[in-house]
Amino acid sequence: HTAKKEDVGGKIEQDNLGDANLLPSQELGKLVNGTKKVVPATLDDYRKLVVPVIEEYFSTGDVELSVSELRSLGSDQFHNYFVKKLISMAMDRHDKEKEMASILLSALYADLLDSSKMSEGFMMLLESTEDLSVDIPDAIDVLAVFVARAIVDEILPPVFLTRARALLPESSKGIEVLQVAEKSYLSAPHHAELVERKWGGSTHFTVEEAKKRIQDILREYIESGDTDEAFRCIRELGLPFFHHEVVKRALILGIENLSSQPLILKLLKESTTGCLISSNQVSKGFSRVAETVDDLSLDVPSAKTLFDKLLSAAISEGWLDASFCKSAAPGEDMWNASSEKVKHFKEESGHIIQEYFLSDDVPELIRSLQELSAPEYNAIFLKKLITLAMDRKNREKEMASVLLSSLSLELFSTGDIMKGFIMLLQSAEDTALDIVDAPSELALFLARAVIDEVLLPLNLDDISSKLRPNSSGSQTVQMASSLLAARHSGERILRCWGGGTGWAVEDAKDKISKLLEEYNTGGDLKEACQCIRDLGMPFFNHEVVKKALVMAMEKQNEASILALLQECSSEGLITINQMTNGFARVKEGLDDLTLDIPNAQEKFRGYVELATERGWLLPSFASLP
C-alpha cells in the first residue's frame with residue numbers, strides 16, 4: 001500500500017485535484033445515473049467523482065444517497081481509496097463530520113466494502129500519518145480514534161492492530177497511532193462506550209445500539225405478535241441501509257426458536273411486500289445467515305435444514321427472488337464443501353491437540369494449525385481444545401491455558417477467543433452431561449484467560465450479553481468474575497491446576513530475580529528485554545514490574561531499573577495492564593516494605609508520579625485503595 005504524498009487529503013490533495021471540487025453534485029448525479037453514466041477507468045477519474053459524493057454527504061447526512069451514489073460509480077478496485085479519502089477529509093473537520101464518516105463506513109461495510117478493502121484503506125492512512133500531521137496537528141490521536149471506532153463497530157478485526165504493526169516501520173507515526181488506539185482507547189474501562197461517544201455521540205445510532213434495538217424489537221414482536229407495532233419501531237430506527245440486520249436477526253431467531261417461525265415469516269413477508277424492507281436488504285440478510293450457518297450448526301445441529309426451510313418459504317411466497325439460490329449455487333456443492341471442510345478441520349484439530357498433550361510442543365502445534373489454513377475456524381479450535389482438556393487431568397488443563405496464551409499472541413484475535421468461549425458456554429448444559437464439574441472448570445478457564453491477558457475483564461461482560469439470562473453459561477461467567485474479584489486472585493488462578501507446564505510460579509519468580517540482578521550489575525538493556533521476552537509468560541510480567549520496583553527501592557542505581565521499565569513500556573513488551581498490576585502489588589505491600597526500607601513510601605510516590613507522567617499506568621490506578 002504505497003502512499004503518495006499527493007493522495008493524503010486535506011490541503012495537499014486539494015491543490016492537485018484541479019477543478020474536481022467545482023463539479024456540482026447535480027452534474028455528478030447526471031453522470032452516474034443518466035444516459036451519460038461514467039465508470040471511472042483510473043484512480044484520478046475516481047478521485048474527481050468521489051470527492052463531491054463525500055462533500056455532499058457531509059452537507060446532507062444522507063447515508064442512503066451516498067451508498068447509492070458510490071454503488072453507481074462501480075470501481076470496486078478503488079474502494080480502499082474511498083475509505084482513506086473519507087477519513088482524511090473528516091479528520092480536518094469538526095466532530096460531527098468525524099462521527100458521520102464512521103457511520104457511513106459501517107453502512108458501507110455490510111453493503112459495498114469488504115473487509116480487505118476496509119483494511120487496505122486504513123493501512124494507507126497509517127502509512128500517510130506523517131503527511132497528514134503536516135496539516136492536522138492532532139492527526140495521530142484522531143486517526144487512533146478512527147481505528148478504535150472501526151474495531152468497536154466490527155468493521156476492522158482486532159487482529160488488524162497486530163498485522164499493521166508488522167508492516168509499518170518501528171519509528172513511523174503509524175506505529176504511534178496503533179499504540180494510542182490500543183493503550184488509550186481499546187484498553188480503557190468501558191472502552192466501547194468511550195470510543196462511540198468520543199465525538200459527542202452518534203448523529204443516528206451507533207452500530208451496537210442499532211443491533212440491540214433491533215434485537216429488542218424482534219423479541220417484543222415474538223411476545224406480542226403485533227406486526228404493526230414492529231413495523232412502526234423499525235421505521236423509527238431510520239436506518240433503511242441497515243435493514244439486512246433485521247432480516248439476519250429475525251432468521252436466526254427463527255432457527256433458534258422453532259415456535260417463532262410463523263411469526264418471523266409473517267413479519268418478513270409483510271415488511272417486504274409493504275416496501276418497508278427492500279428486496280436488496282432481504283437478499284443481503286439471507287446471504288449473511290448463509291455465511292454463518294456452519295457456526296449456527298454448532299449450537300443448533302439442524303440449523304442448515306431449518307434455514308433451508310425458511311429460504312424455500314421465502315422464495316415460494318415470492319418475497320425473496322428465486323435468483324438467490326442460483327447466486328448461491330455452486331449452491332449445494334459450495335455449502336456441502338464448507339460443511340466437509342468444518343468436519344475435516346474438527347478431525348485434524350483433534351489429532352493436533354492430542355499430539356500436543358503428548359509432546360508439550362507449542363511451536364509444533366502452531367505450525368500444524370497454520371498448515372490447516374483455516375483461520376475462520378479458530379473459535380472451533382478453541383472450543384475443541386478446552387473441551388478435550390476438561391475431560392483430562394490438571395496437566396492437560398494447564399497445557400491448554402498455556403497454549404491459549406501463545407495462540408492469542410501469534411494467531412488468534414480477541415474476537416476468535418470470545419467466540420470460542422461463547423460457543424462453549426452456550427453448550428454448557430450438554431457438556432455437563434459428560435463432565436460433571438464442567439461449569440466450575442469452564443469458570444477457571446475463563447478466569448485464567450483474563451489473568452493471562454488473553455481476554456480483558458470487560459470481555460466477560462460482552463460474552464455474558466450473548467448468553468441467555470440465568471442459563472448455565474451465564475452463571476459460569478458470574479462464577480469466573482467472582483474468582484477474579486477475590487484477593488490475590490492472580491496467583492491462586494495461576495496455580496489452580498498445580499502450576500505451569502513450563503515454569504512453575506516459583507521457578508518463574510526465581511528467573512525474574514536473576515535476570516534483574518544480572519541487569520542491575522551492569523547488564524545490557526536490550527539483553528534484559530530479550531530475557532523477559534524469552535520467559536514466555538507475558539501474563540506474569542506484573543511480577544517483573546513488582547520485583548523491579550522493589551529492587552529500585554533497595555539499590556542505589558534506581559535510574560537503570562526505571563530505564564528498563566521505560567524500555568519495556570515503549571516496546572509494548574509489558575502492557576499497561578501488567579504495569580498497573582505490578583505497581584498495585586507493590587502498593588499493597590508497602591507497609592511490609594517500610595520495615596526494611598524506611599523511605600519506601602516516599603520512593604514509591606516518586607515512581608508513581610514518573611509512571612503517570614510517562615503513560616505506564618491506567619487512569620484507574622489512582623483510585624486503587
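Trainee: How many helices and strands are there in the protein?
Mentor: The protein has 36 helices and 0 strands. Keep in mind that this is a predicted model.

Trainee: Thanks! What share of the residues is buried?
Mentor: Of the 625 residues in the protein, 51% are buried.

Trainee: And what about contacts between residues far apart in sequence, how much do they account for?
Mentor: If you take the contacts with a separation of 6 or more, 76% of them are between residues 24 or more positions apart.

Trainee: Let's zoom in on a helix pair. At what angle do α5 and α9 pack?
Mentor: Helix α5, residues 79-91, packs against helix α9, residues 139-152, at an angle of about 130°. Their axes are 11 Å apart.

Trainee: What do we call that arrangement of α5 and α9?
Mentor: Oblique, because the angle falls outside the ranges for roughly parallel, roughly antiparallel and roughly perpendicular. As for the hand, α5 passes α9 in a right-handed crossing.

Trainee: Which residues make the contact?
Mentor: From α5 you have Ile87, Ala90 and Met91, and from α9 there are Ala139, Val142, Leu143 and Phe146.

Trainee: How does that contact of α5 with α9 divide by class?
Mentor: It has 7 nonpolar residues, with no polar and no charged ones.

Trainee: Staying around there, where is Val177 found?
Mentor: Val177 is in helix α11, which covers residues 173-186.

Trainee: Is Val177 buried or exposed?
Mentor: Val177 counts as buried, because its relative accessibility is 0%.

Trainee: What is Val177 in contact with?
Mentor: Setting aside neighbours within four places in sequence, Val177 touches Leu126, Thr129, Ile140, Leu143, Ala144 and Val147. You met Leu143 a moment ago, in the contact between α5 and α9.

Trainee: How far apart are Val177 and Ala148?
Mentor: In sequence they are 29 residues apart, and in space their C-alpha atoms are 9.9 Å apart.

Trainee: Switching to charges: how many salt bridges does a search of the whole structure find?
Mentor: It finds 22 salt bridges. One that involves α9 pairs Arg149 with Glu99, at 2.8 Å from N to O.

Trainee: Which helices hold Arg149 and Glu99?
Mentor: Arg149 lies in α9 and Glu99 in α6, residues 95-109, so the pair ties together parts that are 50 residues apart in sequence.

Trainee: And are those two buried or exposed?
Mentor: Arg149 counts as buried at 2% relative accessibility, and Glu99 counts as buried at 0%.

Trainee: What about Asp44 and Arg47, how do their side chains meet?
Mentor: They meet in a salt bridge of 2.3 Å, N to O. Both residues lie in helix α3, residues 43-60, and they are 3 residues apart, about one turn of the helix.

Trainee: How is accessibility shared out in that pair, what is buried and what is partly exposed?
Mentor: Asp44 is partly exposed, with a relative accessible area of 44%, whereas Arg47 counts as buried at 11%.

Trainee: OK, another helix pair. How do α31 and α33 cross?
Mentor: Their axes cross at roughly 60° and come within 10 Å. That makes α31 oblique to α33, and the crossing is right-handed.

Trainee: Which residues of α31 and α33 meet?
Mentor: On the α31 side they are Leu525, Lys526, Ala528, Cys529, Ile532 and Arg533, and on the α33 side Ala563, Leu564, Glu567, Cys568 and Glu571. By class, this contact has 7 nonpolar, no polar and 4 charged residues.

Trainee: Which salt bridge is Arg533 part of?
Mentor: The side chain of Arg533 meets that of Glu571 at 2.6 Å, N to O. Arg533 sits in α31, residues 525-535, and Glu571 in α33, residues 558-571, with their positions 38 residues apart in the chain.

Trainee: Are they buried or exposed?
Mentor: Neither: Arg533 counts as partly exposed at 40% relative accessibility, and Glu571 is partly exposed at 35%.

Trainee: What network do those salt bridges form?
Mentor: Lys526, Arg533, Glu567 and Glu571 are joined into one network by salt bridges that share partners.

Trainee: Last one: where is Thr272 found, and what does it contact?
Mentor: Thr272 is in helix α16, residues 261-273, and is buried, with a relative accessible area of 12%. Beyond its neighbours within four places in sequence, Thr272 is in contact with Ile277, Val282 and Trp319.

Notes:
Residues numbered from 1 in each chain as written. Predicted model: local features only at pLDDT ≥ 70, side-chain atom pairs only at ≥ 80, totals over all residues. Heavy atoms only, no water. Axes fitted to C-alpha atoms, helices over the stretch in contact; angles between N-to-C directions. Helix = DSSP H or I, 4+ residues; strand = E, 2+ residues; numbered from the N terminus. Parallel < 35°, antiparallel > 145°, perpendicular 65-115°, else oblique. Left-handed = near helix turned anticlockwise from the far one by under 90°. Contact = heavy atoms within 4.5 Å. Nonpolar A, V, L, I, M, F, W, Y, C, P; charged D, E, K, R; others polar. Salt bridge = Lys/Arg side-chain N within 4 Å of Asp/Glu carboxyl O. Buried < 20%, exposed > 50% of the residue type's maximum accessible area, 1.4 Å probe, protein only.
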